[in-house]
Every structure is written in structure tokens, then in C-alpha cells.
Amino acid sequence: MFSVLQGYLIVFLEIICCKIFFKAFGSKKKNENKWSELILVMGLGFCAGTIVVILDTYFLLKEILLIIFVTIGMKYYYAYSLKKSFILSVIYQSLILLFDYVAIILGVTVLGTEEMQSPMIQSIMTVLSKCLLFLGIIFICKILKGGKIECLNDAIWLKFLFFPLFSICILIALVFNVDVIENERQEQMFWLFAFGLAGMNIITFYLLQDIADRERELQEKRNFERETRNQLKLYESISDSMEMQRAQAHEYQNQLTCIQTLSSKKEYEKLDEYLKEINGELLLTFDCINTNHIIVNTILNKKYQEALEKGISIVYKINDLSKIQMEDQDIALLLSNLLNNAIAACEKCSERKLIKLKFFHKREFIIISVRNTFHGQIEYKDGVIQTLEEDKKNHGLGIKNMIRVIEKYDGNYVIEHKNGEFFFSIMIPQEYIG
């Protein structure tokens, strides 16, 4: 009876490792939850355990049935095609056999063939092979950045790996001390201790995933709060701009009255001085860019003034944007990030400081492109541009957020850098309005 329990427990361990393995190559279906995950593990574990117990002596048939059950179960839970699920099932079953073989070779080499005939040593070596399997799978997860653990850094990974490596050392030590077992009860407790040690590795791994979940949620919350603050600043800027325009319109009436008075009195010298004085003020106070879109106008004029104050030449090529079909916050996010990044890059240039922005609405497309000079090297990691700021956690999110918005509208983007210039171009499809 205890040997049957051993078989089922080992199979459940394999099924959990299998789920971790599959997660490295994709994600579960959106409608799946913790209960469906539990049902998957329990159902596959029971079916696979029954196959192992009944068909223990029929190796080939047992392996075929296990692959079939795993293929069906994982296809149900993950968003995989039947072909992909089958291929991954075959690979996983091959990994199980590989690590079983490694454990056997290790045992025969260290202990000898005669010692390996002991049922207790065989049982512990089986648990050891599952620990090795688990260790191999988490390395695959780390390499492929599968599941939810990609946000954990290498230092945390090294700390985590201490536990499975420590467990393997303890299991090897148990193999060398099976001679202290005096009765069947001690043998069962010995094996349960070994299995519990292996199971703790799985529990630790899931705790690691929970930590990764919370870290990602906190990061998303920080991103949301940052975007919310940016939006509030934008709308405050729009409100201030409109209030300023009203005040300027009133002041403009007063200036016209003053000009008319000086002209009627034929005080032309004073009129000339007055016109020179207010001419500079008008250039600084009145918005010089109008796209017929208040959000775009506010951002472009604000960034234009900011660039001029920092000695950066900025050239806009735009058209009528009154009919673009995008949410205001998305337009603000794209434009603000593009121009903020461009201004920050130009500030680091010692000589040529230039930004060129194109913003067109052409029939079925919105085209936004920014080309700016930059100094230094641009770093990539896994195809993503890395921030050059020291605070990595709170910077470098702008491009990721822009890509998220572009994908929201089924758009495309191109990023290039050459000859000291950085280029970011976006194309977003629009329903044509004549």
C-alpha cells in the first residue's frame, strides 16, 4: 500500500514540474483561475498515477499514455495548439527519463550495482532525480524568462537556488545513511522526509512567483500613478493655458487701445518704442502651434518653449489633427514621452542639438515620428532599449508604455539609431473620415 502511495506522490511532483515547464513557453488561458489549476494538477496526477501503478511493467505503453494525457490536459489549460502541446509533452517526458537515467548512473557510479538493488536506495534516488528535474526546469524558466519570474534579478535567483542545491546534497547524504534504518516504519518516515524536502522546493518556487506577482502589481501601480500625475499636470497646463489666453485677449484689447491713442496723438516715436516692447512679449506669450487639437497644441507648445530654453532647436511638421481617433490620455502619453526622451537626449549633446517631429493624419493612418541627436551609446537588453538613468526602477518605462499604447490601437513602430541620430516612428490605423 505504501509503495502505491509513493508512486502517486512522485507522479504529482512530476505533474507540478510539468506545469512549471509548460508555463515557460507561454501563458494560461485568460479564463483559467486557481481552481482550474488545482483541478488540472489533481486530475492529471490521479490519471498519470493510475497509469504508472497499473502499467508499471509495460514501459512503452505507459509512456505513450502519459504523453497523451499530458498533451490533452495542458492544451486545455494553456493557450497552445495540439501540436505544440504534444511536442512539449514529448520533450518533458524525455527530460524525466533523462534525469532518471542521470540519477541511476550517479548511484551506480558512487554506490555500485549491488547497493542500488536496495528498494530504499532506489526510492530515495527517485526523489533525487525529481529534484534534479525541478532544478533543470527552473533553469529553463530562467533562460526563457517564462512564467511570472522574469522581474526577479540574478541576486534573488542565486539565493533561491541555494535551497534546491541544498536539498540535493541532503538527499545524497540520506542515500549514504540508509543502513541506520531498522524497521519498515523508519523506512517510510525516511522516504517521507526525503519527499517532503523535494516538495518544499516546489512550495518555495511558488512563493517566489507570488513575490514576483506582487512586485509586478506594485510596479504597474507605480506606473499608473505616474501616468495619472502626468495627466493631471497636462490638464492643469491646459487649464492654465486657456486662462492665460483669456487674460492675454483682455490685455491685447488694452494694447490696441493704447496703440490707437498714440497713433491718434501722432506720437510716433513712443508708438514705435511701445510696439518693439510688446512685440517680444507677444512672441513669448502666444502659442505659435495650432493643430486644431487642444491636447496636442498644449504639449507641442509647452515642449517647444522648454526646448528653446535649453538651447535645443525643434522643428515641427504637422497638419490638421482635429479628426484623430485616439483617447486624449494616449495621445498625451505618446507625445510627452517622445519629446521628453528627445529633449533629455539632446541636453547631453555638446554641439548639435536638434529635434524633428512629424505628426500627420493622412486618411487611414496617424503618423508620428521623432528624430533627435544624441551622444553616447544606446543599450539594448532582450530587444528593449535600456534607460541610461541611474534609477533604473523609476526610469526606462516610457518606451514600454508607448509600445503598450501602440499595440492597443493595432499600430506599428520602428526604432533606429545611426549617425548620431535616434529615430522613433509610429503608424496607427484610423477609420477614414472624409
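**Exercise 1.** Are H9 and H10 roughly parallel or roughly antiparallel to each other? Work from the predicted model.

*Solution.*
- Locate the helices. H9 covers residues 294-309 and H10 covers residues 328-347.
- Take the axes. They come within 10 Å and cross at roughly 15 degrees.
- Apply the cut-off. Angles under 35 degrees count as roughly parallel.
- Conclude. H9 and H10 are therefore roughly parallel to each other.
- Add the hand. The crossing of H9 and H10 is right-handed.

**Exercise 2.** Find which residues of H9 meet H10, and sort the contact by residue class.

*Solution.*
- Start on H9. Its side of the contact consists of Ile295, Val296, Ile299, Leu300, Lys303 and Glu306.
- Turn to H10. Here the partners are Asp328, Ile331, Ala332, Leu335, Ser336, Leu339, Asn340 and Ile343.
- Sort them. The contact of H9 with H10 has 9 nonpolar, 2 polar and 3 charged residues.

**Exercise 3.** Place Asn292 and Asp410, and state whether each is buried, partly exposed or exposed.

*Solution.*
- Asn292 lies in the loop between helix H8 (268-285) and H9. Its phi is near 65 degrees, positive in a residue other than glycine. With a relative accessible area of 48%, Asn292 is partly exposed.
- Asp410 sits in the loop between helix H11 (398-408) and strand E6 (412-418). Its phi is also positive, about 55 degrees, though Asp410 is not a glycine. At 63% relative accessible area, Asp410 is exposed.

**Exercise 4.** Decide how far to trust residues 390-396.

*Solution.*
- Check the whole protein. The average pLDDT is 78, and 80% of the residues score at least 70.
- Check the stretch. Over residues 390-396 the pLDDT is below 50. Beyond near neighbours in sequence, this stretch has 6 contacts in the model.
- Conclude. Where pLDDT is low, the predicted coordinates should not be read in detail.

Key: Residues are numbered from 1 along each chain as its sequence is written. This is a predicted model: local features need pLDDT of at least 70, side-chain atom pairs count only at pLDDT 80 or more; totals for chains, interfaces and linings use all residues. Side-chain values use heavy atoms; hydrogens and water are left out. Axes are lines fitted to C-alpha atoms, for helices over the stretch in contact, and angles run from 0 to 180 degrees between N-to-C directions. Helices (H or I, at least four residues) and strands (E, at least two) are DSSP runs, numbered from the N terminus. Angles under 35 degrees count as roughly parallel, over 145 as roughly antiparallel, 65 to 115 as roughly perpendicular and the rest as oblique. A crossing is left-handed if the near helix is turned anticlockwise from the far one by less than a right angle, and right-handed if clockwise. Contact means heavy atoms within 4.5 Å. Ala, Val, Leu, Ile, Met, Phe, Trp, Tyr, Cys and Pro count as nonpolar, Asp, Glu, Lys and Arg as charged, and the others, Gly among them, as polar. pLDDT is the predictor's confidence in each residue, from 0 to 100. Buried means under 20% relative accessible area, exposed over 50%, partly exposed in between (1.4 Å probe, protein chains only).
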